2 protein chains.
Amino acid sequence: MEETDRKILALLAQDGRMSFTDLGRATGLSTSAVHQRVKRLEQRRVIKGYGATVDYEQLGQPLTAFISIRPIDPSQPDDSPERLRGIGEIESCWSVAGEESYILKVRTATPAELENLLARVRAAANVSTRTTIVLTTFYENRTVS
Amino acid sequence: MEETDRKILALLAQDGRMSFTDLGRATGLSTSAVHQRVKRLEQRRVIKGYGATVDYEQLGQPLTAFISIRPIDPSQPDDSPERLRGIGEIESCWSVAGEESYILKVRTATPAELENLLARVRAAANVSTRTTIVLTTFYENRTVS
DNA sequence: TATGAAAGGTACTGATT
DNA sequence: AATCAGTACCTTTCATA
């Protein structure tokens with residue numbers, strides 16, 4: 001991975017709809033050279049995809065929370081991610097080192113819905129949960145240097 | 001916010017480069033009607049922006065961690081987000097209810113860089129830290145139903 | 001891996017209902 | 001809030017270096 005590709009990635013991370021023409025202007029390459037590089041980055045899955053960033057507050061899901069989970073029965077095989085996959089409120093799922101096994105990031109409309117979601121998570125994966133409610137999102141998914 | 005707009009948002013969240021023509025086909029609207037709706041969603045900041053999702057493992061930042069922080073001197077005014085804004089490794093910053101004040105999500109190349117980053121976070125915001133290292137990212141920033 | 005040209009598709013605007 | 005038509009721009013491919 002070299003400098004031109006990194007520059008293209010940084011630009012596309014910030015504006016995923018930027019045109020190849022503009023990317024070319026910004027990198028000093030022709031439109032088709034940039035086109036070729038972006039397609040290659042997509043094929044290699046360095047670019048995993050493109051998405052619109054949506055305001056969940058305006059969409060009626062203002063409540064964000066982190067749910068840390070640990071298995072109730074550690075002797076059982078742990079396939080929590082598969083068991084939880086069907087729960088639509090879960091935005092992200094990481095396994096982690098530390099006291100808990102997984103961290104989930106979830107969005108709900110109300111505290112009542114979060115409560116209901118917690119019950120579904122516990123039941124689906126046979127886990128205990130520890131919930132941390134987000135008060136303010138200062139920034140999210142910023143491009144890392 | 002009504003059904004057609006929600007459908008457009010769901011489609012754009014999944015594929016931020018989808019053309020207005022295809023959005024029209026998917027919603028049963030004309031190209032210009034979709035165009036009008038998307039522009040309005042952008043103006044109202046329901047759509048906050050568009051971004052390429054990048055594979056940080058392939059980009060040489062394979063280590064992801066959560067850093068929970070709490071102020072060392074609670075009598076001081078807490079402006080941690082501003083103090084931390086310049087640290088490029090911080091991808092997300094939330095204030096939270098619970099034992100800690102903030103949660104940061106960070107990306108680094110190596111454990112040594114994470115250690116260095118932790119020192120910078122502590123010094124910049126005068127906080128103590130608790131770090132949870134991510135082992136596997138099962139999914140991230142999935143579209144929430 | 002780069003360029004430039006050509007073809008077809010898309011974005012955006014304005015007129016209209 | 002929708003459609004249609006028109007123009008300018010963009011994406012994509014191909015021949016070429």
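Begin by selecting DNA strand D together with the 15 residues that surround it, each with a heavy atom within 4 Å of the strand. The closest of these residues are A:F20, B:S30, B:S32, B:R37 and B:R40. Of the atoms of DNA strand D that come within 4 Å of the protein, 71% belong to sugar and phosphate.

The model is predicted: local features need pLDDT of at least 70, side-chain atom pairs count only at pLDDT 80 or more, and totals for chains, interfaces and linings use all residues. Residues are numbered from 1 along each chain as its sequence is written, chains are lettered from A and ligands numbered from 1 in the order in which they are written, and side-chain values use heavy atoms, with hydrogens and water left out.

Next, display individual atom pairs at DNA strand D. At A:F20, a polar backbone atom is 2.8 Å from a phosphate oxygen of the strand. Moving to B:R37, one finds a polar side-chain atom 2.4 Å from a phosphate oxygen. B:Q36 instead places a polar side-chain atom 3.4 Å from a base nitrogen of DNA strand D.

Now colour by secondary structure, where helices (H or I, at least four residues) and strands (E, at least two) are DSSP runs numbered from the N terminus. At least two residues of the surface near DNA strand D come from each of α2 (20–27) and α3 (31–43) of chain A and α3 (31–43) of chain B. The largest share, five residues, is supplied by α3(B).

Then hide the DNA and select the interface of chains A and B. Here 61 residues of chain B are in contact (heavy atoms within 4.5 Å) with 61 residues of chain A. About 5,700 Å² is buried between the two chains, this being the accessible area (1.4 Å probe) lost on putting them together, summed over both. Carbon and sulfur atoms give 52% of that area. On the side of chain B, pick out B:R17, B:Y139 and B:V144, which lose the most area to chain A, together 14% of what that side buries.

Which interactions cross this interface? The rule finds 48 residue pairs in polar contact, both residues at pLDDT 80 or more; a polar contact is a pair of N or O atoms within 3.5 Å, where within protein one must be able to donate a hydrogen and the other to accept it, and residues adjacent in sequence count only if both atoms are side-chain atoms. Zero salt bridges (a side-chain nitrogen of Lys or Arg within 4 Å of a carboxyl oxygen of Asp or Glu) are found.

Finally, select β5(B), the source of the largest share of the side of chain B that touches chain A, nine residues.
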